[in-house]
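Open the model in your viewer and keep the selection tool at hand. We will go from stop to stop.

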Amino acid sequence: MSSKAAPQHRSAGMSKEAIMVSLADHLIYSNSKYPINATTRDWFQTAAYSVRDRLVERWMETMQRYYEQDPKRIYYLSLEFLMGRTLSNAMLNLGMDEQAKAALYELGQNFEVVAGIESDAALGNGGLGRLAACFLDSMATLNLPCYGYGIRYEYGMFRQNIENGIQMEHPDNWLRYGNPWEFPRPELLYPVKFYGNVVEYKHEDGLLRHHWVDTDDVMAMAYDTPVPGYGGRTVNNMRLWAAKSSRDFELRYFNQGDYIQAVADKNESENLSKVLYPNDTTEMGRELRLKQQYFFVSASLQDMLFRYKKNHESWMQLPDKLAVQLNDTHPSIAVAEMMRLLVDVHHLTWDEAWGLCTRIFSYTNHTLMPEALETWPVAMFETLLPRHLQIIYEINHRFLQQVMHQFPGDGELLRRLSIIDEGNGRRLRMSHLAIVGSHTVNGVAALHTELMKRTIFADFERITPGKIINLTNGVTPRRWLNQANPGLARLITERIGKDWLTELDQLKKLRAYADDTLFQQQFHAVKQANKERLADMICRQLDIQIDTSSLFDIQIKRIHEYKRQLLNLLHVITLYNRMRSGTHPDIVPRTVIIAGKAAPGYAMAKQIIRLVNDIADIVNNDQQVGGRLKLVFIPNYDVSNAERIVPAADLSEQISTAGTEASGTGNMKLALNGALTIGTLDGANIEIRDEVGAENFFLFGMTADEVEQTRRKGYRPMDHYRNNPELKQALDMLAAGYFCPEEPTRYQGVVDSLLKHGDGFMLLADYASYVACQDKVGELYRDRQEWTKRAILNVAGMGRFSSDRTIREYAERVWRVESVEPRAKADNT
C-alpha cells in the first residue's frame, strides 16, 4: 500500500453542514429517494452510509498503518459477538454525535426515531458475546492492532416472544433489510474441509506426511465490519465468515429435471452459518455446532497465515507477529488446526510447529461447571475431522509422556489430565486441548481463577504452576454509560471533565460529591428520568402501568438455574403474601423486572419464564396489593433493551450460588449506572464490593467454601422448608397451583427440583439470608438521600471495571502487544 494518507471523501467532514451534504447525497445516490417519499428506514440507511464514509477513511488509514509498521497483531476468536446497534455508538466514538443529530433535525428527522429502526446484530447469546464486543471497542480505543474473527450468522439469537406466558422462539432475521456496516469480500474465500480420509505417505525428505482426501468442502467468505475506538483514530476490523457452497448447483441434476437435488448441496453447505447455536439436543444439532466451530476457526487461521506470509519468508517469526486468543472452549479446535496447517500444508516438522503453536495461543475460561466444559465424542470427530483426531492423539501422547516423566507412577494423574476422557464414552475434552496448546490460561474474576486452580484445573496448576492467571472482566464505558445513559454521562462530565471516557478511574473524583445536596438532586433526577423512560416502554409494549417512584429491582441475564431467578421469585411471593396478610403495612413499593432468554432445549429455564409470567398475572391484578408490587418480564432481552433497562435500575440482582458465576458483566454495567447490588460473594461481585465499599453493597448467602462444606456434610433442603414458615408458604402455593389454577400441577416439577431432587443451587439454604437482606434494601430505599449517596459511591467505585483496564492487562501479560499510535490528528471541519 502507498504510504500516503487515504484520500478524503468530499463530504466526509465532521461539521453539521458537511454531514447534511453527505445525507443529501446518500439519500439520492444510495437509496434513490427524495425527502418527500423517503421512509424512516431510508433515513436510517442514509445516516448509516454517511457515518460509514467517515469510518472507512479512518479504517483504511488504520490498516495502512498496520501494513507499514508490521506490528504483532491480536486475533480474537469468538463464536459470539453481541455488537448491538452500531449507528449511535459509531457517531459517539467518532465525535460527530451532536452534529449528526443537528443535521438530521435540519432535514426534518428525529434522530431517536431514525436510530430505532436499526436491528441489533444479535450474534451472541449473552455475556460471552457482549464481552467480546466490549473488548473490540477497547482494543480500538487503545490503538491495539486487532482482528475479531467469528461467524456471520444469517439468523442471530432467536427472537423471544411470550405467548400465554410461554417463551416462543422465532427466527431473528437481522439481515432482512441488509446491513449497511458490513463489506462483503467475495475475493476472500477459503476452503474448509469435512469428512474424508487421511492418506499417509513418505515425502521426498524422508518424513511421513499426511494428506486429507475425499473431503466435503465448504467455502468461507469474509464479511468485514469496521470497529471504531473512542476518538475515531483507530478503526479495527471484525471479520465474520459466511458459508458458501463450493458449487452453486449440480448441472446434471438440473438437466434431469431434479431441481431440488440440484441445489441440495449448496443449501446444506450454507446451513453452516445459518443460525447461532443450533439446538444441540439432537445428534444433527450437535454435529452442526462442531462444524460451525471448525468452520470459523479454519477460515480464520488460514487468513492469518496468508496475511503473515505476504510479508515474511520464515515461519519462525510467527509468534512475534500473531497472538491468538481463544474466547472460551468453542474455538479450541484451533490448536489442532494450526498444527495441521503448519505440518501438513506448510511442511514444518512436528517439533517446529508445536514450538510455534504453544507460543501463539492463549485461552480464556468462562465457566467452573464441569458439564459446561465442552466435550465431543471421539466417534463424531473420527467421522467429521479425521485428521484432527490423529493430531489430537499425537498431542495427547506427547503431553502425557512429559507428565509421566515429571510425575512417574501416577496413572490417576495421567487419566485426569488426558485430553481423551476414557471414562465417559470416549470424549475429547476441549478445555484440556486449549490448555495444553496455550502459553497462558486466564480466569475472568479473582474468585473464578482461584477456584479454577483448586477444582476443575487443579492438576494443570500442579504441573504448570503460574500458567493460570486472573484477568478480571470489564465493560466499555463508551456504550454502557456514555451511550446508554447520556443524562448521567453529561452530569459526570460537568463535574469531573470527560477524561473518564478513556480513563474510568477518574470516576473516583465523584466521591467528593457523594454528600453534595445539589449533585444528589441532579443524580436522582437523571435516575428518575431513566425510570420514566423505561416505564413508558413497558406501558407501550406490555400494557403494564408501573409506579416510577417504586424501587426498580432488576434481574437481567440468561435464564439458568444457577443464576437463581427462582430465588428472586420466591422473594416476590413472600412480599406478596406479606402485603395480602397486612402484617407488614409499610413495605416499600417495588417493581421487579426480569428479562432474559432460555436456551430452546432447556426445559427448566423455560418453565421459570412461564412461572414469572404466571406470578405476574396474579400479583399485578390483585386489588389487595393495590399496585405496590409489580412483576414484569420484558421479552426479547438484547443489547438495545439492556441500554434502556440498565440506566433505570435501583437494585441489581446478582444472586447466583457462590462459586458458580465466572465473573458477570451485567453486575458491572448496573453498578456503573448507579444501581446498588444485592449479591453473593460470587464472580466479580467480590471485587465490586471491595471497590465500592462493603457498606454500599447488600451481601447475603453462603460463600463458595460454605457451599462446598454444606454439600460435603449432606445438604438437606427439606430442613429449610420445614423450619421457615414463609418459605414453606411460598413453595406450597407453587405446588398447589395458586398462580395457575387452570393447571394446578404445572409447577410441581419446579418444587420437586428443590425439595426432592437436591436443590442443586441451594436456593433454600440462602432464602432466609436473601429475604432478610431484601428487608434492609427496602429500609434504605425509604431514605432517598442516603440511597442516592450510596448510588453515587457505586458509580465512583467502578473505575477498575473498564474493559480498557482488562485489555491493557491482556496486552502486557498475555499477548505482549504494543499500541500502534495514529498519525497526527487531521482537521475534521
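Select Asp614 in this predicted model. Asp614 has 10% relative accessibility, so it counts as buried, the cut-off being under 20%. Now add Arg746. Its side chain meets that of Asp614 in a salt bridge, 2.7 Å from N to O. The pair links distant parts of the chain, 132 residues apart: Asp614 sits in helix α24 (residues 603-619), and Arg746 in the loop between α30 (725-736) and α31 (748-755). Arg746 is buried too, at 9%.

Next, select Asp351 and Arg398. Their side chains form a salt bridge of 3.0 Å, N to O. Asp351 belongs to helix α13 (residues 350-360) and Arg398 to helix α15 (residues 386-406), so the pair ties together parts 47 residues apart in sequence. Is Asp351 buried or exposed? Asp351 is exposed, with a relative accessible area of 56%. Arg398 is partly exposed at 32%.

Stay on Arg398 and add Glu394. These two also form a salt bridge, with the closest N and O atoms 2.7 Å apart. Both lie in helix α15, four residues apart, about one turn of the helix.

For a network of salt bridges, select Arg185, Asp224, Arg239, Asp303 and Arg307. The whole structure holds 51 salt bridges.

Move to Asp516, in the loop between α21 (486-496) and α22 (517-542). A polar atom of the Asp516 side chain lies 2.9 Å from the backbone nitrogen of Phe519. Add Lys789: its C-alpha atom is 8.7 Å from that of Asp516, though the two are 273 residues apart along the chain.

Finish with Ile28, Tyr29, Tyr34 and Ile36, which make a nonpolar surface patch of about 560 Å². Tyr29 lies in helix α1 (residues 16-29) and is exposed at 69% relative accessibility.

Definitions and conventions
Residues are numbered from 1 along each chain as its sequence is written. This is a predicted model: local features need pLDDT of at least 70, side-chain atom pairs count only at pLDDT 80 or more; totals for chains, interfaces and linings use all residues. Side-chain values use heavy atoms; hydrogens and water are left out. Patches are made of residues with over 30% relative accessible area and no salt bridge: like charges are joined within 9 Å, nonpolar side chains (Val, Leu, Ile, Met, Phe, Trp, Tyr) within 5 Å. Accessible areas come from the Shrake-Rupley method with a 1.4 Å probe; for residues, only the protein chains shown count as cover. A salt bridge is a side-chain nitrogen of Lys or Arg within 4 Å of a carboxyl oxygen of Asp or Glu. Helices (H or I, at least four residues) and strands (E, at least two) are DSSP runs, numbered from the N terminus. Buried means under 20% relative accessible area, exposed over 50%, partly exposed in between (1.4 Å probe, protein chains only). A polar contact is a pair of N or O atoms within 3.5 Å; within protein, one must be able to donate a hydrogen and the other to accept it, and residues adjacent in sequence count only if both atoms are side-chain atoms.
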